Amino acid sequence: MAARDRGRRPRILLVGGGWVGTYTALRLERRLGPAEAEVTLVSPENFLLYQPLLPEVASGTLEARHAVVPLRRVLRRTRLVHGRLTALDHDRRVAAVDVGEGETRELGYDHVAIGLGSVTRLLPVPGLADHAIGFATVADATWLRDHVLDRLEFADASRDPERRRRALTFVFVGGGYTGVEALGELQDLAAEACASYASLEPDDLRWVLVEATDRILPIVDPGLSAYATQALRDRGVRVELSSTLERVEDGCLHLSTGEQLAADTLVWAAGVRPNPLAAELGLPVDDRGAIRVDATLAVRGTPGAWAAGDCAVVPDLVAGDGARAPATAQYAVREARTLGDNLAAAVRGDAPQPFRHRALGELITLGRHDGVAQVLGRVTLRGFLPWYLRRLYYLLQVPTPERKLRVLLDWTISLAFRRDITGLGSVTRGSRARAMGTGGA
Ligand SMILES: Cc1cc2nc3c(=O)[nH]c(=O)nc-3n(C[C@H](O)[C@H](O)[C@H](O)COP(=O)(O)OP(=O)(O)OC[C@H]3O[C@@H](n4cnc5c(N)ncnc54)[C@H](O)[C@@H]3O)c2cc1C
């Protein structure tokens, strides 16, 4: 029997407070009146993280709190349950949610929408999990910033050439936008910070980007990849193409080229995979563990279940030929709008509409007021303009005027003054507290 026939409002459960969960909730608040449905969002954090702003958090041009949006402020009618989905019994339409301190709540629903996102994809590289840090959370970005500054402090104080060399070697694996943007911004911070250390010159720092294929930034035109590679090399970054990390032993990184690099810093940015929980919910998944949905974002063969974003295989109708929509925030936010519309339609008994989005392009920062952009697949830009357009785009994207103002002020201050190079002590010198294998990522 439908919820309405039982005399209560239909219950919509959104899982995950990322782009999909938050923007679906916002859409539902616009589409449905308070009497039409009860909407609940389950999220382990009470904020939406703007991951594209993490490189700026790492370099300190943006305050960490300003890269997130407080869910309780932006969502007016959606009930937020702070917790983690642990299991789904879709036959009974009940979700089990761990709310902390050993307490599990059962939440009933009529429709469930899964937006669990992705996790860092680890490869079976010996020693990797114990030595590398990922770059996907606010904690990763702030830890990395403190860690880089801590290594500069150590190198300045130490008189042991070998230890100094190791402290000043920063290796990033993965030449996609995550690795390139994180390296670009952090290298910029470290180069500027050097001026404050009597014994450090920018050339003492060794930055290495290891990429398995023959070019970085595969999502943009080869000409832009070449520009980005040269721009990084001009700043002293070693870009090692067609190379992989083979193993990590005693803090020494062994590359496929035969080179060994003693390094205190290893950042792993070699891709993501769907959140493994997605494959444990009893919903149909592909071989990567991503939930199979049709073009309306309804889970295949499972009435009342929906999914979108990085944890789903969303058909890309614009690209055609069985293509899958890319796992990016640009797509997740548009999928969320369609998902909100379709959930509202389902509540009202209307027909759902298919998801369609034509890629707008890519805006990528290389740090130091430099960047590359590919707009609408054709127009390519390089240099200051794309760097500036990227900031402008995210400034306009961040919801609420208050958040926009905070981001704008941070960026204006960072243009007018030298960077703040204080580390706030979240690093225990030499510790690997955030390495991925120790639960840090
Ligand atoms: C460093 C970085 C930079 C990026 N830059 C860009 C960019 O420039 N442009 C772009 O388009 N994309 C970018 N992306 C990709 C983009 O962030 C993702 O594609 C987007 O976040 C996907 O949205 P989502 O809602 O599917 O997942 P997410 O935004 O990751 O949200 C998933 C949510 O699920 C929650 N969750 C996890 N487990 C549970 C559980 N058990 N129960 C309940 N909730 C749970 C998480 O806490 C999170 O809130 C970047 C990603 C990273 C990491």
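Let's start inside the protein: Thr265 is buried, with a relative accessible area of 2%. Here buried means under 20% relative accessible area, exposed means over 50%, and partly exposed lies in between, using a 1.4 Å probe and protein chains only. Before going further, note that this is a predicted model, in which local features need pLDDT of at least 70, side-chain atom pairs count only at pLDDT 80 or more, and totals for chains, interfaces and linings use all residues. Residues are numbered from 1 along each chain as its sequence is written, and side-chain values use heavy atoms, with hydrogens and water left out.

Thr265 sits in strand E17, residues 265–268. Helices (H or I, at least four residues) and strands (E, at least two) are DSSP runs, numbered from the N terminus. The side chain of Thr265 makes a polar contact of 2.8 Å with the side chain of His147. A polar contact is a pair of N or O atoms within 3.5 Å; within protein, one must be able to donate a hydrogen and the other to accept it, and residues adjacent in sequence count only if both atoms are side-chain atoms. Leaving aside residues up to four places away in sequence, Thr265 also touches Leu144, Arg151, Thr169, Phe170 and Val171, where contact means heavy atoms within 4.5 Å.

Another buried polar contact takes us to helix H2 (residues 54–59), the home of Glu56. Glu56 counts as buried because its relative accessibility is 0%. Its side chain pairs with that of Arg390 in a polar contact of 2.6 Å. Beyond four places in sequence, Glu56 touches Thr61, Leu62, Glu185, Arg390, Arg391 and Trp411. Both Arg390 and Arg391 are among the buried residues of H10. Helix H10 (residues 384–397) has 14 residues and reaches 20 Å from its first C-alpha to its last, close to the expected 20 Å; the expected span of a helix is 1.5 Å times one less than its number of residues.

Next comes H7, with 17 residues and a reach of 24 Å between its first and last C-alpha, close to the 24 Å expected. Because 14 of the 17 residues of H7 are buried, the helix is largely enclosed by the rest of the structure. In the loop between helix H7 (177–193) and strand E12 (206–210) you will find Ser199. Ser199 counts as partly exposed because its relative accessibility is 26%. The side chains of Ser199 and Asp156 share a polar contact of 2.6 Å. Other residues that Ser199 touches, not counting those up to four places away in sequence, include Ala155, Arg164 and Asp204. Ala155 is 44 residues from Ser199 along the chain, yet their C-alpha atoms are separated by 8.5 Å.

Finally, the ligand. It is surrounded by 30 residues, the closest being Val20, Glu45, Leu85, Asp310 and Ala329; a residue is near a molecule if one of its heavy atoms lies within 4 Å of it. Helix H1 (19–31), strand E6 (84–89), H7 and helix H9 (329–348) each supply at least two residues of this shell, and H9 gives the largest share, 3 residues. Polar side-chain atoms of Tyr177 and Asn275 lie 3.3 Å and 3.4 Å, respectively, from a nitrogen atom of the ligand. A polar backbone atom of Thr328 is 3.4 Å from an oxygen atom of the ligand. Taken alone, the ligand exposes 990 Å², and the protein buries 89% of that, with areas from the Shrake-Rupley method and a 1.4 Å probe.
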